[in-house]
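Open the model in your viewer and keep the selection tool at hand. The stops below say what to select next and what is there.

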Amino acid sequence: MEYSAPRGTQDITPDESGLWQHVESVIRQTMALCGYSEIRTPIFEHTEVFERGVGATTDIVEKEMYTFRDRGDRMITLRPEGTAPAVRAYVEHRMASRPQPTKLYYIGPMFRYERPQAGRYRQFHQFGMEVIGVAGPAADVEVIATPLDIFRALGITDVTVNLNSIGCPVCRPGYRNLLKEVYAPVLPQLCPSCQSRYERNPLRLLDCKSQECRGYMPDPPPIFEYLCPECAQHFSEVRRLLDKLGVEYVLNPRLVRGLDYYNRTTFEYTVGGIGSQDAIGGGGRYDGLVEELGGQPTPAVGVACGMERCVLAMKAGADAKRFAGGVDVFFVSLGERAAERVFELAFQVRSQGVSADFDMMGRGLKAQMRYADKVNAKFVAIIGDNEIDRGTVALKDMSTGEQREVPMAGLASMLREGR
Ligand code: AMP
């Protein structure tokens, strides 16, 4: 019996893990550059964290969570997103009592029971940033602009920033009513999920993906024209600071995002060349969430980006092989005496910080050379009886093909310098 990974999940095989490690290291370097600390939360949480934190009327909570009762009769959910857990941890560990703001980032797997297709999976990975404790627009702009630096460093260039403001509890109710008025005449024609959203969360009508619904619904009056003075001021400051950084964006009044906790700024990045699932990340301000999860009222803003989609976008434009790792040196041995010597030498140079591998399969010279080439060794060190007697190795530079005899002692330091 042969098994396959569950539907909607995938292995990251050795062919791809080099590329993934590269993506992760760019993220970590950028986060360090911007003063963010990593938060690692459990893969599962109490279900209530998401019900309260993500919102009961969201697609995630209504139909996408992996929820189960554990053996101790607790309701547990595999995390579908990273913000509610990060905020739960912020409250639990009293991070508010540290110097503010709290700037957190995370990288890790998320779980949603969605219909799998290219770019959409049931287990996928996100990196995200959260700035907790800042009401001002500089934080919004930092979390919008920083992932763009990461995309750029990864060679993902065809990115569009969509921007909107969905107001606050002061100005949103008026807009909600306006939307209901505008869409009341077409309500009977809309899909069942829009009909239920009409009552419960009419803003969500705007991001219905059904083309049929779209056909019935005239373009909405742009929400950012109905903001209260404070929200309008915040939005115009966000736009001014984006302009100052030279970040281009398009205003998208339909961008309300699927999560209930957002207020004011919402944004999403789309990328060309990866098919219909082209949202590569998104986020917004969530000033109500810390309090919702038991903390003091605390403003906050964050972003989450899909790493599979980053990798897809990179593969659309780059050579994944470039990131396949390779050892500094592969030791090729001729004969039994040499086989034993390379075994020792490999361990020796490793202890001096040079990555090394050697033949364990008892293969002949040609096969060992072919293998070294396939696994991307930078140098090959060939050792037979003559070399052992002379205390040397025949060192071949795999990129130039050039070969010379060098002393065994000092091999490690030479290879380190040659890197
Ligand atoms: P969200 O907060 O739901 O907008 O998710 C943020 C980002 O995560 C999206 O823009 C996608 O890039 C990625 N993402 C969300 N759901 C999935 C999924 N099921 N499979 C792969 N990537 C996803």
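**Stop 1: the ligand**

Select the ligand and Gln126: an N or O atom in the Gln126 side chain is 3.0 Å from an oxygen atom of the ligand. This is a polar contact, meaning a pair of N or O atoms within 3.5 Å; within protein, one must be able to donate a hydrogen and the other to accept it, and residues adjacent in sequence count only if both atoms are side-chain atoms.

Before going on, note that the model is predicted: local features need pLDDT of at least 70 and side-chain atom pairs count only at pLDDT 80 or more, while totals for chains, interfaces and linings use all residues. Residues are numbered from 1 along each chain as its sequence is written, and side-chain values use heavy atoms, with hydrogens and water left out.

Add Ala279, where a polar backbone atom is 2.8 Å from an oxygen atom of the ligand. Then add Gly306, which has a backbone N or O atom 3.3 Å from a ligand oxygen atom. Which residues come nearest to the ligand? Of the 14 residues around it, they are Arg112, Glu114, Tyr121, Arg257 and Ala279; a residue is counted here if one of its heavy atoms lies within 4 Å of the ligand.

**Stop 2: the domains**

Colour residues 14–171 + 227–320 as domain 1 and 326–417 as domain 2. These bounds come from an automatic or database domain assignment. The centres of domain 1 and domain 2, taken over C-alpha atoms, are 47 Å apart.

**Stop 3: helix α4 and the loop after it**

Select residues 83–92, helix α4, in which nine of the ten residues are buried. Buried means under 20% relative accessible area, exposed over 50%, and partly exposed in between (1.4 Å probe, protein chains only). Helices (H or I, at least four residues) and strands (E, at least two) are DSSP runs, numbered from the N terminus. The buried residues include Thr83, Arg88 and Tyr90. Show what they pack against: β2 (44–46), α2 (47–53), β5 (102–111), β6 (123–132) and α10 (289–292). Contact here means heavy atoms within 4.5 Å.

Next select Arg94, in the loop between α4 and β5. Is Arg94 buried or exposed? Its relative accessibility is 58%, so Arg94 counts as exposed. The phi of Arg94 is positive, near 50 degrees. Pro101 sits in the loop between α4 and β5, and the peptide bond from Gln100 to Pro101 is cis, with omega near 5 degrees. Most residues other than glycine have a negative phi, and most peptide bonds are trans.

**Stop 4: Arg264**

Select Arg264 in strand β9 (residues 263–271). Arg264 is not a glycine, yet has a positive phi of about 50 degrees. With a relative accessible area of 16%, Arg264 is buried.

**Stop 5: strand β12 and its partners**

Select residues 329–333, strand β12: five of the five residues are buried, so the strand is largely enclosed by the rest of the structure. Val329, Phe331 and Ser333 point one way, and Phe330 and Val332 the other.

Add β13 (residues 356–358), which pairs with β12 in the parallel sense over three bridges; strands pair if DSSP finds at least two bridges between them. Phe330 has Asp357 as its bridge partner in β13. On the other hand, select β14 (residues 379–383), which runs parallel to β12 and is joined to it by five bridges. There the bridge partner of Phe330 is Val380.
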